[in-house]
Amino acid sequence: MISNDKVTEIFFDIDEFCKVFKPAFTQKLLQDGKKHRKRAFKMSMSEILTITVIFQLSGHRDFKHFYLFYVQKHMKAEFPDTVSYNRFTELMQANMLPLVLFMKTRCLGECTGISFVDSTPVRVCNNKRIRSNKVFEG
């Protein structure tokens, strides 16, 4: 499994990203004129994203087993305020945009100029009608 040092390193990197992301994101949100509660979640955005990233590195097949039997039991020191599995999946969905932006900005690395393309043909129509298709003619 992943060492505590690696979990701390991942959490630190995600937390530094969230410190920049949260103010910028809340500044760009549109106001609809309604009053909304601004109560904080029990788990922080950094903790939610860290658990999501750790799951991808863990080798577990399903997230439910990973969360219930690994995070809530063995990682209680690292994540003391875990929520129920159903609530965590709701929070995970709400934090999908920050996760995607974190992966795009921090995890892709630099482009070396070498790219790979999958050349598997995509079947778009019946083989008998290939010659009569005029979409890509010329």
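In this predicted model, Phe 66 and Tyr 70 are both buried. The two residues lie four apart in helix α3, about one turn of the helix. Their rings form a stacked aromatic pair, 5.7 Å centre to centre, with 25° between the planes. The angle counts as stacked because it falls under 30 degrees.

Phe 66 has a second partner in Phe 63. This pair is tilted, with centres 6.0 Å apart and 45° between the planes. Phe 63 and Phe 66 are three residues apart in helix α3 (residues 63–74), so about one helical turn separates them. An α-helix has 3.6 residues a turn, so residues three or four places apart point the same way. Phe 66 has a relative accessible area of 0% and is buried. Phe 63 is buried as well, at 11%.

These pairs belong to a wider set. Phe 63, Phe 66 and Tyr 70 join Phe 55, Tyr 67, Tyr 85 and Phe 88 in one aromatic cluster. Across the whole structure, the search finds twelve aromatic pairs.

Phe 88 of this cluster is also touched by Thr 52. Thr 52 sits in helix α2 (residues 45–58). Its relative accessible area is 10%, so Thr 52 counts as buried, the cut-off being under 20%. The Thr 52 side chain reaches back to the backbone oxygen of Ile 48, at 2.8 Å. Leaving aside residues up to four places away in sequence, Thr 52 touches Met 92 and Leu 99 in addition to Phe 88.

Leu 99 leads to helix α5, where Pro 98, Leu 99 and Phe 102 are the buried residues. These three cover an arc of only 100° around the axis, and therefore lie on the same side of α5. The cover over this buried side includes α1 (4–28) and α2. The face turned away from it carries Lys 104 and Thr 105, both exposed.

The length of α5 agrees with expectation. Helix α5 has twelve residues (96–107), which at 1.5 Å a residue should span 16 Å. Its end C-alpha atoms are 15 Å apart. Just after α5, Gly 109 takes a positive phi of about 85°.

How values were computed:
Residues are numbered from 1 along each chain as its sequence is written. This is a predicted model: local features need pLDDT of at least 70, side-chain atom pairs count only at pLDDT 80 or more; totals for chains, interfaces and linings use all residues. Side-chain values use heavy atoms; hydrogens and water are left out. Rings of Phe, Tyr and Trp (its six-membered ring) pair if their centres lie within 6.5 Å; planes under 30 degrees apart count as stacked, over 60 as edge-to-face and the rest as tilted. Buried means under 20% relative accessible area, exposed over 50%, partly exposed in between (1.4 Å probe, protein chains only). A polar contact is a pair of N or O atoms within 3.5 Å; within protein, one must be able to donate a hydrogen and the other to accept it, and residues adjacent in sequence count only if both atoms are side-chain atoms. Contact means heavy atoms within 4.5 Å. The expected span of a helix is 1.5 Å times one less than its number of residues. The arc is that of the directions from the helix axis to the C-beta atoms.
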